[in-house]
Amino acid sequence: MSNKVTGIDMRIMKLLSKNARLTYKELAEILGTTRQRVSRRMERLEKNGVIKKYTVIPDYDALGYVHVILGVTVKPTTNLDEIIPKLMEDENIKVIQRSLGSHNLVLHIVGPKDMKELERIISEVSRRIPGIDKLDITFVTETVKFEVL
């Protein structure tokens, strides 16, 4: 089987992106194929790194947390390859994205609703990033749509 992502692979990933708890049997029924075929395709997608992770999308507000996005712009001489491993160790940072445009890094932080504690967390994260030129902070108040495909 080739490493090429096929139409059925895309259909499997779209279905799983809406409900990652679907079983191979359920996927096969929806797709009109066999459980074994779905199993082989899933194994290949995982092995090739096309599917990186199965996860949940929590309601942070219901859990008593806030979701904050930091847009970080660093000076051109700053080496992001040295910074990112340090940021990956921080349990408050849930998503780290390299980016082009207004920011070099986009960090998603989940923290307590206590503003003083959240300020401390953001300051701590900022100190881990040498050469910050600009830092934009966005509070996510509601996720109204979240699709990956």
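Hi everyone, let me start at one small spot: leaving out residues up to four places away in sequence, Ala 20 touches Tyr 54 and Thr 55, where contact means heavy atoms within 4.5 Å. Before I go on, a word on the source: this is a predicted model, in which local features need pLDDT of at least 70 and side-chain atom pairs count only at pLDDT 80 or more, while totals for chains, interfaces and linings use all residues. Residues are numbered from 1 along each chain as its sequence is written, and side-chain values use heavy atoms, with hydrogens and water left out.

Back to Ala 20. This residue sits in the loop between α1 and α2; helices (H or I, at least four residues) and strands (E, at least two) are DSSP runs, numbered from the N terminus. Is Ala 20 buried or exposed? Neither, quite: Ala 20 is partly exposed, with a relative accessible area of 32%. On this scale buried means under 20% relative accessible area, exposed over 50%, and partly exposed in between, using a 1.4 Å probe and protein chains only. From Ala 20 to Gln 97 there are 77 residues in sequence and 23 Å in space, C-alpha to C-alpha.

Thr 23 is in the loop between α1 and α2 too, and with 39% relative accessibility Thr 23 counts as partly exposed. The C-alpha atoms of Thr 23 and Ser 39 are separated by 9.7 Å, with their positions 16 residues apart along the chain.

Next comes helix α2, residues 24-31, where Leu 27, Ala 28 and Leu 31 are buried. Why are they on the same side of α2? Because they cover an arc of only 100° around the axis, the arc being that of the directions from the helix axis to the C-beta atoms. Their cover includes α1 and α3 (35-47). Over on the other side of α2, Lys 25 and Glu 29 are exposed. For Lys 25 the relative accessible area is 53%, and its C-alpha is 9.1 Å from that of Ser 39, 14 residues apart in sequence. Just after α2, Gly 32 takes a positive phi of about 70°.

Helix α5 is our second example. Here Leu 80, Ile 83, Ile 84 and Leu 87 are buried. Looking down the axis of α5, you find these buried residues within an arc of 100°, so they line one face of the helix. That buried set packs against β1, β2, β3 and α6, while the face turned away carries the exposed residues Asp 81 and Glu 82.

That takes us to the core. In soluble globular proteins, nonpolar side chains tend to be buried together. By nonpolar core I mean a set of buried Ala, Val, Leu, Ile, Met, Phe, Trp, Tyr and Cys residues joined through side-chain atoms within 4.5 Å. Which members of the largest core touch the most other members? Of its 18 residues, they are Leu 70, Leu 87, Leu 107, Val 125 and Ile 129. At least two core residues come from each of β1 (65-74), α5 (80-88), β3 (105-112) and α6 (115-127), and β1 gives the largest share, 5 residues.

Take Leu 70 as a guide: leaving aside neighbours within four places in sequence, its contacts include Leu 105, Leu 107, Ile 122, Val 125 and Ile 137. There is also a second, separate core of 12 residues, with Leu 16, Leu 22, Leu 45 and Ile 51 among them.

Strand β1 also holds Val 66, which is buried at a relative accessible area of 18%. Beyond four places in sequence, the contacts of Val 66 include Ile 109, Val 110 and Leu 118. The C-alpha atoms of Val 66 and Thr 138, 72 residues apart along the chain, are separated by 11 Å.

Last, the largest pocket. On a 1 Å grid over the protein atoms alone, a pocket is an open set of points where a 1.4 Å probe fits, with protein on both sides within 12 Å along at least five of seven lines, and lining residues have an atom within 4 Å of a point. How many residues line the largest pocket? There are 36, of which Thr 55, Val 56, Ile 57, Phe 146 and Val 148 lie nearest its centre. Two or more lining residues come from each of α1 (7-18), α4 (60-63), β1, β2 (93-98) and β3. Thanks, everyone!
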